[in-house]
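Biologist: Before I accept any label attached to this model, I would like to hear the value behind it and the cut-off it is set against. Could we take the labels one at a time?

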Amino acid sequence: MAENRIELSKSDRLSVAWRHQFLQGSWNYERMQNGGWCYAMIPAIKKLYSSKEEQSAALKRHLEFYNTHPYVSAPVIGVTLALEEDRANGAPVEDAAIQGVKVGMMGPLAGVGDPVFWFTVRPILGALGASMALSGSIVGPLLFFFAWNIIRMAFLWYTQEFGYKVGVSISKDLSGGLLGKITEGASILGMFIIGSLVQRWVSIVFTPVVSTVTQSEGAYIDWANLPAGPEGIKEALTLYDSIGSTALSADKVTTLQANLDSLIPGLAAVGLTLLCCYLLKKKVSPIVIILALFVVGVIGRYFQFM
């Protein structure tokens, strides 16, 4: 059995790594990066499976939903290569196990990719290249181009190789042990990251007025009695700074959103996110969810409740 084992050569893995650079080449709103992922897996699938039926089944398996940062996706594809290799050699690796590893890893890694690459490495290299370019040196843009691509391609290759080597040991324990712990831990970490990003990326405001209270004198800016010139501006700014936005009018207006924020800041955003997650779990198409949110937003704006 060991003599007939099918293994992915370094050349095969290099082909996958090269194709993996184009992960977002066919990005779509329904299954995100699934087309680019499947394209990257083709050299491995052709090597591991000889019959058209097995190849077609593998391609279909890798057309499921997938989305993460395009660079930190490399260790995910490395682990997947190892699992596919063991499956081709007779190991009891189910479709659900392969998809579970992909989904379990892609969330946490997506939260790592942006701060490391987009917010750290690239700005540093860009600033260094720009400073040299401002002095008239052509080395600046060349430094940025070559340094960035060397770092990017080296990271893609070596993390893919790391995932491939680790994946071999993961696939030896498919009875809910190591594989289950890794998938569960990755899922928990992913939920923490998603939760921390909700407040930043999800915005929803309910505008209905709950109450209107007339404030006492001195609690708001009396625009009619302000001194003329700079003194009046100074007094208005001082009062606004001490009281806040309620100082602009004699009437203190409390909206539904203000009450929600006083209860739990960001509650509406979290609720909307959980609703979308629930709908996705119920197999509702992401396109339908996006269109529904668009329609609700337009209606809410028209009737002035959002």
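Biologist: How do you know how the reach of helix 11 compares with what is expected?
Modeller: Helix 11 has 17 residues and spans 24 Å from its first C-alpha to its last, and the expected span is 1.5 Å times one less than the number of residues. The expectation here is 24 Å, to which the computed reach is close. The label "helix" itself means a DSSP run of H or I of at least four residues, just as a strand is a run of E of at least two, both numbered from the N terminus. Please keep in mind that this is a predicted model, in which local features need pLDDT of at least 70 and side-chain atom pairs count only at pLDDT 80 or more, while totals for chains, interfaces and linings use all residues. Residues are numbered from 1 along each chain as its sequence is written, and side-chain values use heavy atoms, with hydrogens and water left out.

Biologist: Which residues of helix 11 are buried, and what makes them line one face?
Modeller: Pro286, Ile289 and Gly300 are the buried ones. Their directions fall within an arc of 55° down the axis of helix 11, so they line one face, the arc being taken from the helix axis to the C-beta atoms. "Buried" means under 20% relative accessible area, "exposed" over 50%, and "partly exposed" in between, with a 1.4 Å probe and protein chains only. Helix 10 (267-281) is among the elements that cover these buried residues, whereas the face turned away carries the exposed Phe294 and Tyr302.

Biologist: Why is Phe303 called buried or exposed?
Modeller: Phe303 has a relative accessible area of 56%, and therefore counts as exposed. Phe303 sits in the segment after helix 11 (286-302), where the following Gln304 takes a positive phi of about 65°.

Biologist: What makes Phe303 and its partners a nonpolar patch?
Modeller: A patch takes residues with over 30% relative accessible area and no salt bridge, joining like charges within 9 Å and nonpolar side chains (Val, Leu, Ile, Met, Phe, Trp, Tyr) within 5 Å. Phe294, Val295, Val298, Ile299, Tyr302, Phe303 and Phe305 form such a patch, with about 750 Å² of accessible area together; such areas come from the Shrake-Rupley method, and for residues only the protein chains shown count as cover.

Biologist: Two residues have positive phi without being glycine; what makes Met32 buried or exposed, and what of Lys283?
Modeller: Met32, with phi near 55°, lies in the loop between helix 1 and helix 2 (34-48) and counts as buried because its relative accessibility is 16%. Lys283, with phi of about 70°, belongs to the loop between helix 10 and helix 11; its relative accessibility is 75%, so Lys283 counts as exposed.

Biologist: How do you know that Glu85 and Arg5 form a salt bridge?
Modeller: The term requires a side-chain nitrogen of Lys or Arg within 4 Å of a carboxyl oxygen of Asp or Glu, and the closest N and O atoms of Glu85 and Arg5 are 3.2 Å apart. Because Glu85 lies in helix 4 (residues 74-88) and Arg5 in the segment before helix 1, the pair ties together parts that are 80 residues apart in sequence. Glu85 is buried at 3%, while Arg5, at 32%, counts as partly exposed.

Biologist: What makes Glu161 and Arg13 a pair of that kind?
Modeller: Their closest N and O atoms are 2.6 Å apart, which meets the criterion. Glu161 is in helix 6 (residues 139-170) and Arg13 in helix 1, so parts 148 residues apart in sequence are tied together. Both Glu161 and Arg13 are buried.

Biologist: Which buried residues does helix 1 have, and why are they said to line one face?
Modeller: In helix 1 (residues 10-20), Asp12, Arg13, Val16, Ala17 and His20 are buried. They fall within an arc of 140° seen down the axis, so they line one face of helix 1.

Biologist: How are Arg87 and Asp95 joined?
Modeller: They form a salt bridge at 2.5 Å between the closest N and O atoms. Arg87 is partly exposed at 25%, and Asp95 is partly exposed at 36%. Elsewhere, salt bridges that share partners join Arg5, Glu7, Glu85 and Asp86 into one network.

How values were computed:
Accessible areas come from the Shrake-Rupley method with a 1.4 Å probe; for residues, only the protein chains shown count as cover. Contact means heavy atoms within 4.5 Å.
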